[in-house]
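Let's walk through this structure together, one feature at a time. Keep the 3D view open as you read.

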Amino acid sequence: MPKLGCMTAATPIGFPTLSPQPGNGSANPSAASQAASGEYVLYGLQGSGSAIVEIALQWCGQPYRVVQAASWEANAAREELRQLNPLMQIPTLRTPQGAVLTESAAILMHLGGRHPDTGLLGADDAQRDQILRGLVFVAANCYSCISITDYPERYTTQTDDASREAVRQAARQRLHLHWTLFADQFPARPWLSGAQPGALDVMAVIVSKWSGTRPYLEAHRPSFFALLKRIEALPQVAGVHAQHWPPSV
(Lines give C-alpha, C1' and ligand atoms only; values in the text may rest on other atoms or scores of the structure.)
Protein backbone atom coordinates (compact mmCIF):
# COMPACT_ATOMS: atom_id res chain seq x y z
CA MET A 1 0.00 0.00 0.00
CA PRO A 2 1.24 3.53 -0.71
CA LYS A 3 2.44 5.57 2.24
CA LEU A 4 2.07 9.26 2.98
CA GLY A 5 5.85 9.27 3.15
CA CYS A 6 8.44 11.76 4.28
CA MET A 7 8.92 13.50 0.95
CA THR A 8 6.99 10.59 -0.57
CA ALA A 9 3.34 11.39 -0.01
CA ALA A 10 0.82 8.82 -1.11
CA THR A 11 -1.36 9.00 -4.15
CA PRO A 12 -4.82 7.65 -3.27
CA ILE A 13 -5.65 4.41 -4.98
CA GLY A 14 -7.70 4.84 -8.12
CA PHE A 15 -6.72 8.44 -8.88
CA PRO A 16 -6.29 9.04 -12.60
CA THR A 17 -3.07 10.18 -14.20
CA LEU A 18 -2.72 13.96 -14.24
CA SER A 19 -3.88 15.40 -17.53
CA PRO A 20 -1.28 17.38 -19.43
CA GLN A 21 -1.37 21.14 -18.95
CA PRO A 22 -0.57 23.65 -21.66
CA GLY A 23 3.19 23.46 -22.00
CA ASN A 24 3.38 20.82 -19.26
CA GLY A 25 3.12 17.11 -20.00
CA SER A 26 2.72 14.00 -17.93
CA ALA A 27 4.13 11.46 -20.34
CA ASN A 28 7.27 9.51 -19.48
CA PRO A 29 9.93 10.04 -22.16
CA SER A 30 13.50 9.65 -20.98
CA ALA A 31 14.84 12.23 -18.55
CA ALA A 32 17.81 12.89 -20.81
CA SER A 33 15.62 13.85 -23.77
CA GLN A 34 13.40 16.03 -21.58
CA ALA A 35 16.35 17.82 -20.00
CA ALA A 36 17.80 18.43 -23.44
CA SER A 37 14.57 20.17 -24.46
CA GLY A 38 15.11 22.93 -21.89
CA GLU A 39 12.34 21.74 -19.59
CA TYR A 40 12.38 20.80 -15.94
CA VAL A 41 11.54 17.15 -15.33
CA LEU A 42 9.49 16.49 -12.20
CA TYR A 43 9.15 12.99 -10.73
CA GLY A 44 6.01 12.62 -8.64
CA LEU A 45 2.44 11.40 -8.40
CA GLN A 46 -1.00 12.83 -7.92
CA GLY A 47 -1.93 13.52 -4.31
CA SER A 48 1.71 13.87 -3.29
CA GLY A 49 4.19 16.52 -2.26
CA SER A 50 5.14 16.96 -5.91
CA ALA A 51 2.21 19.39 -6.02
CA ILE A 52 4.49 21.84 -4.20
CA VAL A 53 6.96 21.84 -7.06
CA GLU A 54 4.29 21.99 -9.77
CA ILE A 55 2.83 25.11 -8.16
CA ALA A 56 6.26 26.71 -7.90
CA LEU A 57 7.22 25.87 -11.49
CA GLN A 58 4.02 27.38 -12.80
CA TRP A 59 4.43 30.36 -10.46
CA CYS A 60 7.84 30.99 -12.05
CA GLY A 61 6.57 30.39 -15.58
CA GLN A 62 8.94 27.47 -16.17
CA PRO A 63 8.12 24.70 -18.67
CA TYR A 64 8.20 21.21 -17.21
CA ARG A 65 7.07 17.63 -17.66
CA VAL A 66 5.80 15.28 -14.99
CA VAL A 67 7.14 11.73 -14.90
CA GLN A 68 4.74 9.54 -12.96
CA ALA A 69 7.04 7.76 -10.52
CA ALA A 70 7.29 6.72 -6.86
CA SER A 71 8.89 4.00 -4.80
CA TRP A 72 5.60 2.09 -4.59
CA GLU A 73 4.75 2.37 -8.30
CA ALA A 74 5.99 -0.62 -10.32
CA ASN A 75 6.50 1.11 -13.65
CA ALA A 76 9.37 1.84 -16.00
CA ALA A 77 10.03 5.24 -14.41
CA ARG A 78 10.67 3.69 -10.99
CA GLU A 79 14.21 2.67 -11.90
CA GLU A 80 14.79 6.05 -13.51
CA LEU A 81 13.79 7.70 -10.24
CA ARG A 82 16.11 5.39 -8.29
CA GLN A 83 19.05 6.38 -10.47
CA LEU A 84 18.42 10.06 -9.83
CA ASN A 85 17.49 9.74 -6.15
CA PRO A 86 18.57 6.51 -4.40
CA LEU A 87 16.04 7.18 -1.61
CA MET A 88 13.34 7.16 -4.33
CA GLN A 89 11.63 10.10 -2.66
CA ILE A 90 9.30 12.45 -4.47
CA PRO A 91 9.35 15.16 -5.52
CA THR A 92 12.63 14.81 -7.37
CA LEU A 93 13.42 17.49 -9.95
CA ARG A 94 15.85 17.46 -12.85
CA THR A 95 16.84 20.91 -14.10
CA PRO A 96 17.20 21.85 -17.78
CA GLN A 97 20.97 21.71 -17.18
CA GLY A 98 20.72 18.11 -15.96
CA ALA A 99 21.27 18.76 -12.24
CA VAL A 100 19.17 16.78 -9.77
CA LEU A 101 17.34 18.52 -6.95
CA THR A 102 15.56 16.75 -4.10
CA GLU A 103 13.75 17.98 -0.96
CA SER A 104 10.75 20.24 -1.49
CA ALA A 105 12.17 23.11 0.56
CA ALA A 106 15.43 23.08 -1.41
CA ILE A 107 13.55 23.10 -4.71
CA LEU A 108 11.47 26.08 -3.60
CA MET A 109 14.67 27.89 -2.61
CA HIS A 110 16.21 27.07 -5.98
CA LEU A 111 13.25 28.40 -7.96
CA GLY A 112 12.76 31.43 -5.76
CA GLY A 113 16.46 32.28 -6.01
CA ARG A 114 16.54 31.87 -9.78
CA HIS A 115 13.38 33.95 -10.23
CA PRO A 116 13.43 36.67 -7.57
CA ASP A 117 10.86 38.77 -9.43
CA THR A 118 8.19 36.16 -8.62
CA GLY A 119 8.32 36.98 -4.90
CA LEU A 120 8.47 33.32 -3.88
CA LEU A 121 11.17 34.18 -1.33
CA GLY A 122 9.77 37.55 -0.36
CA ALA A 123 10.43 41.15 -1.30
CA ASP A 124 13.24 41.93 1.15
CA ASP A 125 15.82 40.31 3.40
CA ALA A 126 13.57 40.23 6.47
CA GLN A 127 10.79 38.43 4.63
CA ARG A 128 13.21 36.00 3.01
CA ASP A 129 14.75 35.13 6.37
CA GLN A 130 11.37 34.16 7.81
CA ILE A 131 10.33 32.26 4.68
CA LEU A 132 13.54 30.21 4.76
CA ARG A 133 13.10 29.60 8.49
CA GLY A 134 9.55 28.38 7.89
CA LEU A 135 10.50 26.11 4.99
CA VAL A 136 13.17 24.42 7.08
CA PHE A 137 10.79 24.15 10.05
CA VAL A 138 8.21 22.26 8.00
CA ALA A 139 10.82 20.03 6.36
CA ALA A 140 12.61 19.21 9.62
CA ASN A 141 9.67 18.88 11.98
CA CYS A 142 6.59 17.95 9.96
CA TYR A 143 7.99 15.82 7.16
CA SER A 144 10.10 13.87 9.63
CA CYS A 145 7.08 12.88 11.73
CA ILE A 146 5.20 11.69 8.65
CA SER A 147 8.05 9.34 7.81
CA ILE A 148 7.66 7.71 11.22
CA THR A 149 3.89 7.36 10.93
CA ASP A 150 4.34 5.71 7.54
CA TYR A 151 7.16 3.36 8.52
CA PRO A 152 7.13 2.81 12.30
CA GLU A 153 9.03 -0.45 11.85
CA ARG A 154 12.09 1.59 10.88
CA TYR A 155 12.12 3.39 14.22
CA THR A 156 11.82 0.54 16.70
CA THR A 157 13.51 -2.79 17.29
CA GLN A 158 10.17 -4.25 18.40
CA THR A 159 8.45 -6.45 15.85
CA ASP A 160 4.93 -6.78 17.28
CA ASP A 161 2.06 -4.75 15.85
CA ALA A 162 1.18 -3.11 19.17
CA SER A 163 4.65 -1.66 19.62
CA ARG A 164 4.76 -0.36 16.08
CA GLU A 165 1.31 1.19 16.43
CA ALA A 166 2.47 2.92 19.60
CA VAL A 167 5.36 4.45 17.65
CA ARG A 168 2.96 5.56 14.92
CA GLN A 169 0.56 7.19 17.37
CA ALA A 170 3.36 8.96 19.23
CA ALA A 171 4.67 10.37 15.95
CA ARG A 172 1.17 11.48 14.99
CA GLN A 173 0.83 13.38 18.25
CA ARG A 174 4.20 14.99 17.63
CA LEU A 175 3.16 15.95 14.12
CA HIS A 176 0.10 17.73 15.50
CA LEU A 177 2.24 19.51 18.08
CA HIS A 178 4.66 20.71 15.43
CA TRP A 179 1.87 22.11 13.27
CA THR A 180 0.42 23.84 16.33
CA LEU A 181 3.80 25.44 17.03
CA PHE A 182 4.11 26.44 13.40
CA ALA A 183 0.69 28.10 13.41
CA ASP A 184 1.60 30.05 16.55
CA GLN A 185 5.06 31.13 15.38
CA PHE A 186 4.19 32.04 11.79
CA PRO A 187 1.08 34.23 11.91
CA ALA A 188 -0.46 35.52 8.70
CA ARG A 189 0.88 38.96 7.68
CA PRO A 190 -1.62 38.58 5.89
CA TRP A 191 0.11 35.58 4.27
CA LEU A 192 2.68 33.21 5.73
CA SER A 193 5.28 34.71 3.41
CA GLY A 194 4.42 38.30 4.34
CA ALA A 195 2.55 40.98 2.43
CA GLN A 196 2.27 38.69 -0.60
CA PRO A 197 1.91 34.89 -0.78
CA GLY A 198 5.06 32.95 -1.53
CA ALA A 199 7.01 29.75 -1.00
CA LEU A 200 6.07 29.24 2.64
CA ASP A 201 2.38 29.42 1.79
CA VAL A 202 2.88 26.78 -0.90
CA MET A 203 4.81 24.48 1.41
CA ALA A 204 2.36 24.76 4.30
CA VAL A 205 -0.82 24.34 2.28
CA ILE A 206 0.35 21.18 0.49
CA VAL A 207 2.16 19.42 3.35
CA SER A 208 -0.76 20.00 5.71
CA LYS A 209 -3.11 18.63 3.05
CA TRP A 210 -1.45 15.34 2.17
CA SER A 211 -0.29 14.62 5.71
CA GLY A 212 -3.93 14.52 6.83
CA THR A 213 -3.41 17.24 9.46
CA ARG A 214 -6.23 19.53 8.38
CA PRO A 215 -8.97 18.08 10.66
CA TYR A 216 -6.73 18.59 13.70
CA LEU A 217 -5.92 22.15 12.67
CA GLU A 218 -9.55 22.95 12.00
CA ALA A 219 -10.40 21.90 15.55
CA HIS A 220 -7.40 23.36 17.37
CA ARG A 221 -6.18 26.27 15.22
CA PRO A 222 -9.26 27.40 13.27
CA SER A 223 -7.77 30.72 12.17
CA PHE A 224 -4.74 28.93 10.72
CA PHE A 225 -7.03 26.41 9.04
CA ALA A 226 -8.96 29.31 7.49
CA LEU A 227 -5.68 30.75 6.21
CA LEU A 228 -4.84 27.43 4.54
CA LYS A 229 -8.20 27.49 2.77
CA ARG A 230 -7.44 31.03 1.55
CA ILE A 231 -4.10 29.84 0.21
CA GLU A 232 -5.81 26.96 -1.60
CA ALA A 233 -8.00 29.49 -3.40
CA LEU A 234 -5.08 31.55 -4.73
CA PRO A 235 -4.94 31.50 -8.54
CA GLN A 236 -1.31 30.32 -8.35
CA VAL A 237 -2.39 27.33 -6.22
CA ALA A 238 -6.00 26.43 -7.03
CA GLY A 239 -5.47 24.73 -10.38
CA VAL A 240 -2.72 22.35 -9.29
CA HIS A 241 -4.45 21.70 -5.96
CA ALA A 242 -7.67 20.69 -7.75
CA GLN A 243 -5.77 18.32 -10.03
CA HIS A 244 -4.10 16.58 -7.11
CA TRP A 245 -7.16 16.59 -4.85
CA PRO A 246 -10.26 16.86 -7.07
CA PRO A 247 -13.20 18.49 -5.28
CA SER A 248 -15.83 16.06 -4.06
CA VAL A 249 -18.81 15.87 -6.36
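Eleven of the twelve residues of helix α7 are buried, so this helix is largely enclosed by the rest of the structure. The buried set consists of A199, L200, D201, V202, M203, A204, V205, I206, V207, S208 and W210. Bear in mind that you are looking at a predicted model. The length of α7, which covers residues 199-210, can be checked by simple arithmetic: at 1.5 Å a residue, twelve residues should span 16 Å, and the end C-alpha atoms are 17 Å apart, which agrees. Just after α7, G212 adopts a positive phi of about 75°.

Which residues of α2 and α7 make the contact between these helices? To set the scene, the axes of α2 (residues 50-59) and α7 come within 9 Å and cross at roughly 150°. Because angles over 145 degrees count as roughly antiparallel, that makes α2 roughly antiparallel to α7. The crossing of the pair is right-handed. On the α2 side, the contact is made by A51, I52, I55 and W59, and on the α7 side by V202, M203, I206 and V207. The spacing of such positions is easier to read with a general rule in mind: an α-helix has 3.6 residues a turn, so residues three or four places apart point the same way.

Next, let's turn to the backbone. Where does the chain take a cis peptide bond? One such bond joins I90 and P91, with omega about 5°, and P91 sits in the loop between α3 (76-84) and β4 (92-94). The peptide bond from R189 to P190 is also cis, with omega near -5°; P190 belongs to the loop between α6 (161-185) and α7.

The loop between α3 and β4 also holds M88, whose phi is near 55°, a positive value in a residue other than glycine. With a relative accessibility of 7%, M88 counts as buried. E103 likewise has a positive phi, about 75°, although it is not a glycine. You will find E103 in the loop between β5 (100-102) and α4 (104-114), and at 29% relative accessibility it counts as partly exposed.

Finally, the cysteines. How many disulfides are there? The count comes to zero. C142 is in no disulfide, for the nearest cysteine sulfur, that of C145, is 6.9 Å away, whereas a disulfide calls for sulfur atoms within 2.5 Å. C142 counts as buried, at 0% relative accessibility, and C60 counts as buried too, at 10%.

Conventions
Residues numbered from 1 in each chain as written. Predicted model: local features only at pLDDT ≥ 70, side-chain atom pairs only at ≥ 80, totals over all residues. Heavy atoms only, no water. Helix = DSSP H or I, 4+ residues; strand = E, 2+ residues; numbered from the N terminus. Expected span 1.5 Å × (residues − 1). Buried < 20%, exposed > 50% of the residue type's maximum accessible area, 1.4 Å probe, protein only. Axes fitted to C-alpha atoms, helices over the stretch in contact; angles between N-to-C directions. Parallel < 35°, antiparallel > 145°, perpendicular 65-115°, else oblique. Left-handed = near helix turned anticlockwise from the far one by under 90°. Contact = heavy atoms within 4.5 Å.
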